[in-house]
Amino acid sequence: MEQKTLSNTCSFAGVKPIMMDLPYPAIQVEKQNCAYAQLLSIDYCGAVSELSAITQYINNENRLCHEQCGISQTILGLAIAEMMHLQKLGELIWLLGGKVDFAAKTPNGNLKLWTPEYLTIPENPYKMLEADIAAEKSAIKQYEMHINMINDDCVRAILKRIIKDEEYHIMILKSLSASING
């Protein structure tokens, strides 16, 4: 069996989360509300979710790190920011009286376990970035919908702050996409 080694490795030392330089509101809720926790479980681990974003970014980062180190490092920074969003959503779900797991609770009460089938993983780097941009846009749309459904100013403030990061991510991804395509 032929042994393979990496001759050019991409260093990820010092990679930091890529997010807006704005504080997050305190993680708190006005009162427990299991219906709100169910909505946030969709943002946590549904088809359009932080868990899906993290997984898609890490997969892309792994596939790009040998050819596109700078882009790979940036994608890892985006994934770290999404991990922070996941953690904040988990805290909110718990404070609202929900259960933090990998099952999104649909409005009709069904549980849907997270699956990698939710991911879009093209081979072409440009198409990867375009899929990431589409996923960020879908996340913003879903957060906006949930903000309109939640009557808790504390929760809404966190979701609005997450949206600012997602909008920033789109700007970064568009820049990366232009550097590959152009």
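**Notes on cysteines, helices and a pocket**

1. Let's start with a cysteine that stays single. The sulfur of Cys-45 sits 16 Å from the closest cysteine sulfur, the one in Cys-34, and that is too far for a bond. Cys-45 also counts as buried, because its relative accessibility is 0%. Keep in mind as you read that this is a predicted model.

2. Cys-65 is in no disulfide either: the nearest cysteine sulfur belongs to Cys-10 and is 6.0 Å away. For a pair to count as a disulfide, the two sulfur atoms have to be within 2.5 Å. With a relative accessibility of 10%, Cys-65 counts as buried.

3. So which cysteines do pair up? The structure holds one disulfide, and Cys-10 and Cys-69 form it, with their sulfur atoms 2.0 Å apart. If the term is new to you, a disulfide is a covalent bond between the sulfur atoms of two cysteines. This pair links distant parts of the chain, since Cys-10 lies in the segment before α1 (34-45) and Cys-69 in helix α3, 59 residues apart.

4. Is that disulfide right-handed or left-handed? The torsion about the S-S bond of Cys-10 and Cys-69 is about 80°, so it is right-handed. The two partners differ in how they are covered: Cys-10 counts as buried at 11% relative accessibility, while Cys-69 is partly exposed at 27%.

5. Now have a look at helix α3 itself, which covers residues 69-95. How far apart should its ends be? At 1.5 Å a residue, its 27 residues should span 39 Å, and the end C-alpha atoms are 39 Å apart, so the two values agree. Just after α3 comes Gly-97, with a positive phi of about 95°.

6. Next, two residues in helix α5 (residues 153-181), starting with Asp-165. Asp-165 is buried, with a relative accessible area of 0%. Setting aside neighbours within four places in sequence, Asp-165 is in contact with Met-19, Met-20, Tyr-24 and His-85.

7. His-169 is found in helix α5 too, and it is buried with a relative accessible area of 0%. A handy bit of background: an α-helix has 3.6 residues a turn, so residues three or four places apart point the same way. Not counting residues up to four places away in sequence, His-169 touches Ile-18, Tyr-57, Leu-78, Ala-81, Glu-82, His-85 and Glu-136. Notice that His-85 turns up in the contacts of Asp-165 and again in those of His-169.

8. Time for some empty space. The largest pocket holds about 240 Å³. It is lined by 20 residues, and the closest to its centre are Ala-47, Val-48, Gln-56, Ala-135 and Glu-136. Two elements give two or more residues to this lining, α2 (50-64) and α4 (125-149). The largest share, seven residues, comes from α4. By type, the lining divides into 10 nonpolar, five polar and five charged residues. Glu-136 is worth spotting here, as this residue is also touched by His-169.

9. Last, try Glu-30, in the segment before α1. Glu-30 is partly exposed, with a relative accessible area of 49%. Leaving out residues up to four places away in sequence, Glu-30 touches Asn-151, Asp-152, Asp-153 and Cys-154. How far is Glu-30 from Ser-11 in space? They are 19 residues apart in sequence and 43 Å apart from C-alpha to C-alpha.

Notes: Residues numbered from 1 in each chain as written. Predicted model: local features only at pLDDT ≥ 70, side-chain atom pairs only at ≥ 80, totals over all residues. Heavy atoms only, no water. 1 Å grid on protein atoms, 1.4 Å probe; cavity = no way out; pocket = protein on both sides within 12 Å on 5 of 7 lines; lining within 4 Å. Points joined across faces, edges and corners; volume = space filled by probe spheres on them. Helix = DSSP H or I, 4+ residues; strand = E, 2+ residues; numbered from the N terminus. Nonpolar A, V, L, I, M, F, W, Y, C, P; charged D, E, K, R; others polar. Expected span 1.5 Å × (residues − 1). Buried < 20%, exposed > 50% of the residue type's maximum accessible area, 1.4 Å probe, protein only. Contact = heavy atoms within 4.5 Å.
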